[in-house]
Amino acid sequence: MKKIHIVLVGLGFGRAFLPIYLDHPNVEKVGVFDTNTKILNQISKTYPCVVTYNSFEDILTDESVDAVHLVSPIPCHAEQSIAVLKSGKHCACTVPMA
């Protein structure tokens, strides 16, 4: 089985998923992106093994990315999910459930 390259978008609540992906046996590479550069810089210092993206568009155009996990603000989910799928990548979107 091919190991995947996944990117987490949104590192507020999303940072909780980072250790899960880093320890997953089927994940080869983990990337991260957040519009808050302070959080992004903190994560890249804490986890130097992750790939840091400077924009959402950079993720979409990176052909090495297999999947994107959106943990971004809820109003962004629809537009971002569509963009991820149109780029040919798998998409997981975290939403609150009731």
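**Exercise 1.** By class, which residues make up the lining of the largest pocket: how many are nonpolar, polar and charged?

*Solution.* The model is predicted. Start with the space itself: the largest pocket holds about 220 Å³. Next, take its lining, which consists of 16 residues. Sorted by class, these are eight nonpolar, seven polar and one charged. Finally, locate the centre: Gly-10, Asp-34, Val-71, Ser-72 and Pro-73 are the lining residues nearest to it.

**Exercise 2.** Work out the strand order of the sheet and name its edge strands.

*Solution.* Five strands make up an open sheet with parallel pairing. Read across, the order is β3-β2-β1-β4-β5. The edges are β3 (51–52) and β5 (90–93), each of which pairs on one side only. For a pair inside this order, take β1 (residues 4–9) and β4 (residues 67–70), joined in the parallel sense over four bridges. Here Val-7 is found opposite Val-68 of β4.

**Exercise 3.** Place Gln-80 in the fold and decide whether Gln-80 is buried or exposed.

*Solution.* First, find the element: Gln-80 belongs to helix α4, which spans residues 77–86. This helix lies across β1, β4 and β5, and runs at about 160° to β5. Second, apply the cut-off: buried means under 20% relative accessible area. Gln-80 has 13% relative accessibility and therefore counts as buried. Third, list the neighbours: leaving out residues up to four places away in sequence, Gln-80 touches Val-9, Phe-56, Leu-70 and Ser-72. Of these, Ser-72 is also one of the residues nearest the centre of the largest pocket.

Notes: Residues numbered from 1 in each chain as written. Predicted model: local features only at pLDDT ≥ 70, side-chain atom pairs only at ≥ 80, totals over all residues. Heavy atoms only, no water. Pairing = 2+ DSSP bridges. Helix = DSSP H or I, 4+ residues; strand = E, 2+ residues; numbered from the N terminus. Contact = heavy atoms within 4.5 Å. Axes fitted to C-alpha atoms, helices over the stretch in contact; angles between N-to-C directions. 1 Å grid on protein atoms, 1.4 Å probe; cavity = no way out; pocket = protein on both sides within 12 Å on 5 of 7 lines; lining within 4 Å. Points joined across faces, edges and corners; volume = space filled by probe spheres on them. Nonpolar A, V, L, I, M, F, W, Y, C, P; charged D, E, K, R; others polar. Buried < 20%, exposed > 50% of the residue type's maximum accessible area, 1.4 Å probe, protein only.
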